[in-house]
Each structure stands twice: as structure tokens, then as C-alpha cells.
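Work through the exercises below with the sequence and the 3D view open beside you. Each task is followed by a solution that goes step by step.

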Amino acid sequence: MSKSKGLSGKSMSGGWIVSYAELIIRLRWLVILGSVALAVALGSGGQFLGFSTDYRVFFGKENPQLKAFESMQQIYTKDDNILFVLQPRDGEVFTPEMLGAIRELTEASWQLPFSRRVDSITNFQHSYAQGDDLTVEDLVPARAGLTTEKIAAIRATALGEPLLINRLIAPDARTTGVNVTLTLPGESESEVPVAMAAAREIVEAFRERHPDITVAVTGLVALNNAFSEASFADLATLIPIMYGIIIAGLLIFLRSIAGTIATLLVVGLSAGTAMGLTGWLGINLTPPSSTAPTIILTLAVADSIHLLVTLLHAMRQGASKREAIIESLRVNFNPIFLTSLTTAIGFLSLNFSDAPPFRDLGNITAMGVIAAWIYSVSFLPAFLAVVPLRVKRQTTGSNDLMQRLAEFVLRRRQPLLYGMTALVIALAVWIPRIELNDQFVNYFDPSIQFRTDTDFAMENLSGIYQIEFSLPAAAEGGISEPEYLTKVDAFSDWLREQPGVVHVQTITDIFRRLNKNMHGDDPDWYRLPDERNLAAQYLLLFEMSLPYGLDLNNQINVDKSSLRFLATLENMTTREARVLKQNSEAWIAANIPASVTEATSPFVMFAYISERNIISMLTGTGLALVLISLSLIIALRSLRVGLLSIIPNVIPAVMAFGIWGLLVGEIGLASSVVAATSLGIIVDDSVHFLSKYLRARRERGASPEDAVRYAFATVGRALSVTSAVLVAGFGTLALSAFELNQSLGLLTALAIFAALVADFLLLPPLLLAIDKEKKHADEPKALPQAGE
């Protein structure tokens with residue numbers, strides 16, 4: 001009997017899968033056209049894809065930090081900002097030319113779309129006594145001649161003003177800022193790009209007129225815009241790179257142009273279908289979810305490779321193309337379905353994430369995984385049945401490497417079992433060393449202009465991170481009560497002494513200045529008013545003197561029953577920010593119990609997102625592990641083997657985080673989802689290995705040792721190829737300019753590599769330890785072929 005007949009005879013025992021494979025081959029043109037039509041119809045939803053440009057998308061509607069922040073904005077004003085940071089080449093801000101340039105940029109900034117307020121040292125509302133009158137005017141009057149004496153007075157005032165120093169002017173007078181407050185309606189995703197485009201036009205024109213002044217652009221609007229630009233950059237660069245890696249890898253490993261083309265088509269159809277469904281469902285892309293196409297490309301390759309490796313190997317052993325297609329489907333249909341199911345479960349568990357972008361990533365990728373399975377078992381075999389496949393026949397030597405690896409594992413089973421256990425424990429020790437740090441500025445690579453400009457601002461002017469408080473008074477108009485002001489002032493003094501605080505904005509500084517002004521600018525009266533009516537009158541007089549757009553609504557609520565208190569921070573970690581928040585709230589509770597409040601700000605929101613996400617993902621990952629384990633127990637029809645599979649499925653994540661703790665030691669939001677995303681992927685290797693092991697035990701009556709040999713021979717090479725592609729695919733995310741994507745990609749790549757090591761070096765010794773029989777076949781038998 002020829003080899004091809006033998007394969008054909010075996011394939012007839014495959015039951016309904018064989019019948020399905022024959023149907024696919026018989027209706028191959030209909031299947032191809034139907035698959036393409038389905039992909040086009042679903043993929044057409046891509047026209048509705050949008051990109052979110054708001055950092056708030058990282059927080060769910062029920063997120064307590066987001067609620068506190070939105071409550072703050074409802075009490076006062078909704079403030080987004082663009083901060084222009086200016087540094088003259090000669091290193092001195094207080095010169096006639098530089099002050100003129102600052103005023104020029106200040107006036108131009110009022111023309112920005114959605115601009116509501118512009119603050120700089122030139123239009124700072126300086127108050128002073130003029131006889132019995134209170135005079136309030138710009139610190140740098142527009143039409144006044146800037147004499148040497150006048151500039152010296154301006155310099156002394158600015159550097160001595162608590163509201164300006166370390167906020168809009170650096171202590172060394174080398175750097176200054178123009179802060180533009182915008183109120184975005186929130187009606188369109190184009191608002192942020194429009195505002196940033198206008199800001200860049202202003203900066204470009206300013207640089208042309210003042211080439212000797214360095215200008216950096218930062219702020220919350222710039223942050224929002226950076227999220228959008230990072231998404232587009234990843235889509236434009238990572239997908240082409242991933243396609244290049246896939247093409248190169250397939251040509252090297254498969255040595256088949258037709259097989260490579262077929263895989264690329266499956267990959268393209270899967271990614272297009274998933275992204276089209278994303279558009280139809282109205283899901284907006286964000287930096288994390290924009291990596292979904294790259295992940296789908298990677299995962300879709302794995303399904304195709306298992307089918308192609310078995311098919312091409314069978315043809316090299318003498319089978320006809322038709323027989324090889326049928327046999328490949330018979331051998332791989334169930335394992336591929338199971339791996340697709342477990343991968344989808346892993347990504348769907350991201351719906352437990354507290355960060356909506358990761359929920360979207362999970363759902364989009366799950367849709368892509370399901371689409372990849374459908375196209376792999378329908379379009380791929382139909383397409384291969386049509387195109388010519390040329391392979392060189394081989395009879396020996398193709399699996400020598402896997403055979404040698406199998407014999408090594410069998411000989412060293414005990415040392416490998418103990419050695420791998422010791423390695424896992426040693427790496428696990430480093431996990432507690434990892435510190436959570438979610439500084440949103442560090443989400444971006446230094447190649448992103450926002451990161452460069454923001455680093456420049458923090459190094460030369462002030463911190464970009466802030467923490468805000470709303471301190472309620474006892475009643476309407478209560479902010480003028482001397483007792484209340486004294487307590488607020490005490491809090492500001494305490495806060496200024498805290499590590500990492502570089503500036504505190506408090507209205508008590510204005511009350512002090514007004515009290516001095518109303519006593520002939522006598523320095524002895526630079527203190528808080530000691531009467532409520534006097535304080536209220538000072539405040540009213542000052543507010544009436546303020547020009548349009550420079551009022552105090554951003555610091556005082558409408559009925560003057562609450563004050564907004566803002567601290568600017570240096571480049572501290574989010575752990576330090578959480579400590580500062582907790583200590584501040586504790587101080588307020590102990591000293592101003594009537595003003596108990598929750599500190600908030602975008603930085604505070606990001607400081608808690610990892611912790612909240614890890615807690616929520618513990619449930620999601622735990623449920624995914626249970627569902628995956630149940631799926632394996634049912635599919636493999638073995639309670640022992642199904643439960644055993646948990647070990648090699650959990651260990652890779654432990655090893656990956658251990659290596660990360662050893663080499664890096666710091667991680668952000670990505671850490672909270674890696675366990676869930678990698679779990680669904682790393683199960684694939686163990687599923688294929690276990691399914692082949694059990695096939696040998698049940699269908700061939702092989703001993704445990706020979707079943708291990710069979711598993712290595714039939715699926716070892718495919719696992720190596722798919723793992724290499726998966727590592728390369730997720731490793732590609734390391735090229736992302738968005739740090740979350742970098743960490744997600746590198747950690748997942750580490751977990752996938754660790755999974756291959758565990759499945760080759762730990763899983764077989766575990767199987768041999770629990771699956772014993774009286775007679776052991778220690779001598780190797782003839783190496784089985786892929787289709788046997």
C-alpha cells in the first residue's frame with residue numbers, strides 16, 4: 001500500500017470532519033467567493049471607525065476618581081488647557097523684547113478655538129494702592145514704556161508673587177509660560193485636533209518672528225491630542241512591519257509561496273472583518289485598542305500555520321494535495337477550535353477591566369480570533385484546493401530536531417521537572433519588586449513631541465501634574481469667614497511643605513495682597529483680613545476691577561461657599577501621588593472637618609487606574625482560567641490532564657512578570673491586563689501538545705513515553721513556528737510610541753516564549769509523572785509522521 005493510500009485510509013476514520021473537508025473541497029469556489037463577500041460586507045463598517053481624543057476614555061463611568069473630577073468641574077469650570085512654555089536663548093525673561101513677545105503670544109492665544117482664558121506674567125492682574133484707591137492692572141502694561149527701572153519692578157513683583165512663581169515664571173527667571181484655558185463643548189471628536197492645529201499655527205508664526213525663543217507646547221489638550229496621534233502612528237507603522245515579519249517568517253518556515261499567500265489572505269480577511277465589525281458597533285479606537293489589528297494579524301497566523309505544517313508535511317511524505325487537506329483538517333480541526341475558543345475567552349475577560357479601552361481591545365481581538373478560525377477552516381482549505389502547491393518529497397530527517405528534543409526530555413525528565421520548578425520559584429521572587437507607576441506623560445515615547453515638550457516644561461518651568469481640592473465653607477458667602485480662611489491658609493502652608501509639591505494656588509494669597517493694598521501697601525498688613533465683611537468687600541472690589549476672561553470663577557463657586565485649591569507637583573510616581581492624596585485628605589479631615597473632600601485631577605485618576613484595574617481583572621482572569629480549564633477538561637475528555645494543563649498555562653505569566661521585575665521593576669496599566677490576554681494565547685501551545693499526546697495514547701495505544709515522542713514529532717515544529725510568529729508579532733508592539741502598548745507587547749511576548757519553554761520542558765515531565773503505566777517503552781520507536 002502506498003503512503004498516499006495509507007493516509008487516505010486513515011482520513012476516512014475522521015468522521016464528520018472528513019465529510020466537512022470533502023464538502024469544502026467540492027464547493028471550493030463557492031466557499032472562496034462567500035468568504036470574500038462576507039469579509040467585504042462586514043469590513044465595510046470600517047468607514048465608521050473613529051478615534052477618541054479624550055484621556056477620560058481610560059476611565060469607566062462608575063470610576064470614583066472620574067466622578068470626583070467631573071463633580072469638581074461642575075462646581076467650578078470645566079478647564080482644559082494648552083500651556084506654551086517660552087525660554088529665550090539669552091536666558092533672561094525680563095527684557096523689553098522678551099516681555100513684548102510674551103504679550104504678543106498672550107494676545108494671539110485669545111484667538112484659539114474654544115479659548116476662555118489666557119494667563120501670563122504680562123496680563124497678570126497686579127493690584128496696588130494708589131492713594132486711597134485700589135488699582136488693578138496688567139503687570140506689564142501694554143502701552144507703558146519699559147524702562148530699566150520699570151522692568152526691575154516687574155521682575156521683583158513677578159518673582160515675589162506666590163501665584164506666579166513656579167507656575168508661570170521659573171525662580172531663575174529663565175523660563176515663563178502662557179497658559180490658555182479652553183472649554184471644549186464635547187460635541188465632536190474634532191475639537192481637540194482643531195484646537196491643537198490652531199495652537200501649532202500660532203507657535204509656528206511666533207517662531208518665525210522670534211527664532212531665538214524656544215517654545216514647547218503641553219497641557220491637557222496636548223495630552224488628548226497625543227493619544228490620538230499615537231493611535232494613528234501605530235496603525236501606520238506597526239501593521240506594515242507586522243505584515244513584513246509574517247511574510248518573512250512564513251517563507252522561511254513553510255517554504256511555500258502558495259501557503260504564504262493563503263495565510264496572508266486569511267490574516268487580511270480576519271483583521272478586516274474585526275475592524276469592520278468594530279465600526280458597525282460604533283466603537284472608537286484608542287491607543288490600546290488601535291493595536292487590535294496587529295494582535296489579530298499575529299493570532300490569525302497561528303491557525304493557518306498548524307493546518308499548513310500538517311498539510312505540507314503530509315504532501316512531502318507522498319500524499320496528494322486533496323488527501324493532505326482532508327488529513328490536516330481531521331488532525332487540527334478540534335485543536336484549532338479549542339485554541340480559538342480559549343484565546344477568545346482570554347480576551348473577552350478584558351470586559352472586567354476598569355479601563356474601557358482594554359474592554360474594546362478584548363472585544364475587537366475576540367471578534368478577530370473567531371473570524372480567523374472561521375476563515376482558517378473554510379477559506380484556507382478551499383483556497384489551497386484551487387492554487388497549485390509544489391513541495392519536494394522528503395522521507396527522513398525533517399523532524400530530527402524535534403526527535404532529539406523529545407529524547408532529551410525523556411532522558412532528563414526528573415532534572416527538568418525540578419529545574420523548571422526552581423526557575424519558576426526564583427523568578428516569582430522578583431514579582432513583588434515591581435512598582436506600579438502610571439504617569440500619563442510617560443505613556444509616550446520621547447519621539448512624541450508632546451513628551452519632549454512636557455519634559456522640557458517640567459525641567460525648566462514647573463510640574464505638569466496637579467492635584468485639586470474643593471474646600472466647602474459653612475454657608476453661602478462663607479469663604480470670607482476669617483476662621484475658614486485661616487484653616488485654608490494653614491492647609492496651604494502644610495501642603496507647600498510636602499515632598500514633590502512645587503506650587504500651591506490658593507485664594508488666601510489674593511486676600512493677603514488685597515489686605516496689604518487696602519492699608520497703603522504696608523508690608524505689615526500682608527496677612528489675612530480678620531473680619532468677614534472686610535474680606536468680602538476686598539474680594540468684591542477686586543472682582544469688579546478684573547477684566548473680562550480673568551475672573552475668579554475657576555477658584556470660587558457661584559455662591560461663594562467653596563474654594564478650589566490646586567497644587568502643582570514635580571515628576572513624582574503615582575504611588576507618591578496616592579500617598580500625598582491620602583495624607584492631604586487626612587489633614588483636612590483632622591483640621592477642617594466641615595470641609596472634608598476628595599482630592600482629584602487627571603493625574604490622581606491615572607494614579608489609581610492600575611490598582612483598580614488589577615482588582616477588577618482578578619475576577620476576569622480567574623473566571624477566564626476556570627472557563628478555559630473546563631473547556632480543556634471537556635474537549636480533552638480527561639479531568640486529570642485538564643487540571644494538569646493549568647500549571648503550564650499559569651507559569652508563563654509568572655515567569656514573564658518575574659523577568660520584568662528583575663530587569664525593569666516598574667510597570668503601569670498594561671500589567672493589569674497582560675495575565676488575561678496572555679492566558680488565552682499561551683493555552684494554545686498546551687492544547688495542541690496535549691491533544692496530540694492523548695491522540696497517541698487513545699488511538700495508537702502508545703505508552704506515555706511514545707506519546708510524548710508523537711506529540712513532539714507531530715506538533716513540535718508547528719508550535720515553534722507559531723510561537724516565533726507570536727513573539728515577533730507582540731514584540732513589534734515594542735516599536736509603538738505608546739508605552740502601554742510597548743509594555744503589553746513585551747510582557748505578552750515574554751509570556752509566549754515562556755509558554756513554549758514550559759510546554760517543551762515542563763509539561764512532558766508532568767505528564768509522565770501523572771500518566772504512568774506498568775510497561776514503559778523506554779526505547780524509542782520509529783518516529784511517527786504528522787498525519788498519523
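**Exercise 1: A salt bridge across the chain**

Arg 709 is buried, with a relative accessible area of 5%, where buried means under 20% relative accessible area, exposed over 50%, and partly exposed in between (1.4 Å probe, protein chains only). The model is predicted, so local features need pLDDT of at least 70 and side-chain atom pairs count only at pLDDT 80 or more, while totals for chains, interfaces and linings use all residues. Residues are numbered from 1 along each chain as its sequence is written, and side-chain values use heavy atoms, with hydrogens and water left out.

Task: find which residue forms a salt bridge with Arg 709, and where the two lie.

Solution. Begin with the term: a salt bridge is a side-chain nitrogen of Lys or Arg within 4 Å of a carboxyl oxygen of Asp or Glu. The partner is Glu 407, and the closest N and O atoms of this pair are 2.7 Å apart. Next, locate both ends: Glu 407 is in helix α14 (residues 400–411) and Arg 709 in helix α25 (residues 704–732), so that the pair links distant parts of the chain, 302 residues apart. Helices (H or I, at least four residues) and strands (E, at least two) are DSSP runs, numbered from the N terminus. Finally, Glu 407 counts as buried as well, at 15% relative accessibility.

**Exercise 2: A salt bridge within one helix**

Task: describe the pair Glu 327 and Arg 330, and say whether each residue is buried or exposed.

Solution. The two residues form a salt bridge in which the closest N and O atoms are 3.0 Å apart. Both belong to helix α11 (residues 321–348), where they are 3 residues apart, about one turn of the helix. Glu 327 counts as buried because its relative accessibility is 0%, and Arg 330 counts as buried because its value is 9%. By the rule given above, the count of salt bridges comes to 29.

**Exercise 3: The strand β2 and its partners**

Task: work out how many residues of strand β2 are buried, and which strands pair with it.

Solution. Strand β2 spans residues 80–88, and 9 of its 9 residues are buried. Both faces are covered, with Ile 82, Phe 84 and Leu 86 among the buried residues on one side, and Leu 83 and Val 85 among those on the other. For the partners, two strands pair if DSSP finds at least two bridges between them. Strand β6 (residues 176–182) pairs with β2 in the antiparallel sense over 7 bridges, and within this pairing Phe 84 stands opposite Val 178. Strand β7 (residues 213–218) also pairs with β2 in the antiparallel sense, over 6 bridges, and here the bridge partner of Leu 86 is Val 215.

**Exercise 4: An open sheet and a helix on it**

Task: give the order of the strands in the sheet that contains β12, and find which strands lie at its edges.

Solution. The sheet is open and has 3 strands in the order β10-β12-β11, with antiparallel pairing. Its edge strands are β10 (465–472) and β11 (501–505), each of which pairs on one side only. Between β11 and strand β12 (residues 562–569) there are 4 bridges, and Val 504 has Ala 567 as its bridge partner in β12. Helix α20 (residues 574–591) packs on the sheet and touches β10, β11 and β12, contact meaning heavy atoms within 4.5 Å.

Technical notes: Axes fitted to C-alpha atoms, helices over the stretch in contact; angles between N-to-C directions.
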